[in-house]
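I opened this notebook to keep track of what I looked up, entry by entry, in a structure that was new to me.

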Amino acid sequence: FDHSVAILRLVAHAREDLGASRDEARGRVTVGLPPSIGRQLTLALVDRFRQQFPVARLAIVEGLSTHIVEWITTGRVDVGLAYNPEVQSGLEITPLLGEPLELVSFAPKGKRGRAGQTPIDMRDLPRYPLIVPQRAHAMRRLLENQAALAGIKLDIAWEVSSIPSIIDLVCAGHGHAVLTATGVAASTRAGELIARKLVNPTPLSVLCLVNSSHKRPTALARQTIPLLTALVRELRV
């Protein structure tokens, strides 16, 4: 069965390459996106893909960064975006966007936003009960690694897998969150929050373009990569 799947995939790639040789991108490409980025990129990605590749097909799947990396490794996804992916021999990883982590809290009117807010020293972070994703989440791993390097123990009040649900809990007064500006911007409740940059050190979450280094990409996948890269670099955070 595995040999048959590989043969059929090669035949499909050959057909797509034949179409590409006639300057017409064909076939199907699957792109993996983290949910926070997906909410900001999906519409623009579909619009531009349709303009540039009118006879090709695009599939978009959302998942945690760890899942996207796994899907790329197994061939379910052709190219994807992932936060802080671990280096693996079978992956090509290209950093695209680095964002500092921020302490996000509910704030009364008149004290919301990011501009002019006093940064929070990492050593003071244990004073804030945190609502964080589960340990498989890239943001959680990054935060805990930085906390360990700083020699501090975090106060984990709640573990919730969904970033929108975390923000809802923050707005309800159940604790604070540590997120990037992109993660906050993806929420419909961003206007109710105050965001303060973490310093000494400043943990940096890096969004990367990931694709397989072991499997030859289709012509369509190769042409989708610069499109996806351009869209990420246009993000305003």
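Before counting anything I fixed the term contact, which here means heavy atoms within 4.5 Å. I also noted that I am working from a predicted model.

**Entry 1: the whole chain.** With that meaning of contact, I looked at pairs of residues at least 6 apart in sequence, and found that 80% of the contacts between them join residues at least 24 apart. The chain has 237 residues, of which 45% are buried, and its secondary structure comes to 7 helices and 11 strands. I then took the extent of the C-alpha trace along its principal axes, which is about 60 × 35 × 25 Å.

**Entry 2: a pair of helices.** How do α2 and α7 cross, and at what angle? I found that the axes of α2 (residues 35-52) and α7 (residues 219-233) come within 11 Å and cross at roughly 135°. The two helices are therefore oblique to each other, and the crossing in which α2 passes α7 is right-handed. From α2 the contact draws on Leu41, Ala44, Leu45, Arg48, Phe49 and Gln52, while α7 brings Leu220, Thr224, Leu227, Leu228, Leu231 and Val232. Sorted by class, this contact has 9 nonpolar, 2 polar and 1 charged residues.

**Entry 3: the nonpolar cores.** I next looked up the largest nonpolar core, which has 25 residues, and in which Leu81 and Val232 have the most contacts. Two or more residues come from each of β1 (28-33), α2, β3 (79-83), β4 (91-100), β11 (204-212) and α7, and the element that gives the most is α7, with 6 residues. Leaving aside residues up to four places away in sequence, I listed what Leu81 touches, and among them are Ile37 and Leu41, Leu96, Leu207 and Leu209, and Leu228 and Val232. There is also a second, separate core of 16 residues, including Met122, Val132, Ala147 and Leu198.

**Entry 4: valine 206.** Is Val206 buried or partly exposed? Val206, which lies in strand β11, has a relative accessible area of 21%, and because buried means under 20%, I entered Val206 as partly exposed. Not counting residues up to four places away in sequence, Val206 touches Ala82, Tyr83, Asn84, Pro85, Pro95, Leu97 and Gly98. Finally I checked Val206 against Tyr128, and noted that they are 78 residues apart in sequence and 24 Å apart in space, C-alpha to C-alpha.

Note on methods. Residues are numbered from 1 along each chain as its sequence is written. This is a predicted model: local features need pLDDT of at least 70, side-chain atom pairs count only at pLDDT 80 or more; totals for chains, interfaces and linings use all residues. Side-chain values use heavy atoms; hydrogens and water are left out. Axes are lines fitted to C-alpha atoms, for helices over the stretch in contact, and angles run from 0 to 180 degrees between N-to-C directions. Helices (H or I, at least four residues) and strands (E, at least two) are DSSP runs, numbered from the N terminus. Angles under 35 degrees count as roughly parallel, over 145 as roughly antiparallel, 65 to 115 as roughly perpendicular and the rest as oblique. A crossing is left-handed if the near helix is turned anticlockwise from the far one by less than a right angle, and right-handed if clockwise. Ala, Val, Leu, Ile, Met, Phe, Trp, Tyr, Cys and Pro count as nonpolar, Asp, Glu, Lys and Arg as charged, and the others, Gly among them, as polar. A nonpolar core is a set of buried Ala, Val, Leu, Ile, Met, Phe, Trp, Tyr and Cys residues joined through side-chain atoms within 4.5 Å. Buried means under 20% relative accessible area, exposed over 50%, partly exposed in between (1.4 Å probe, protein chains only).
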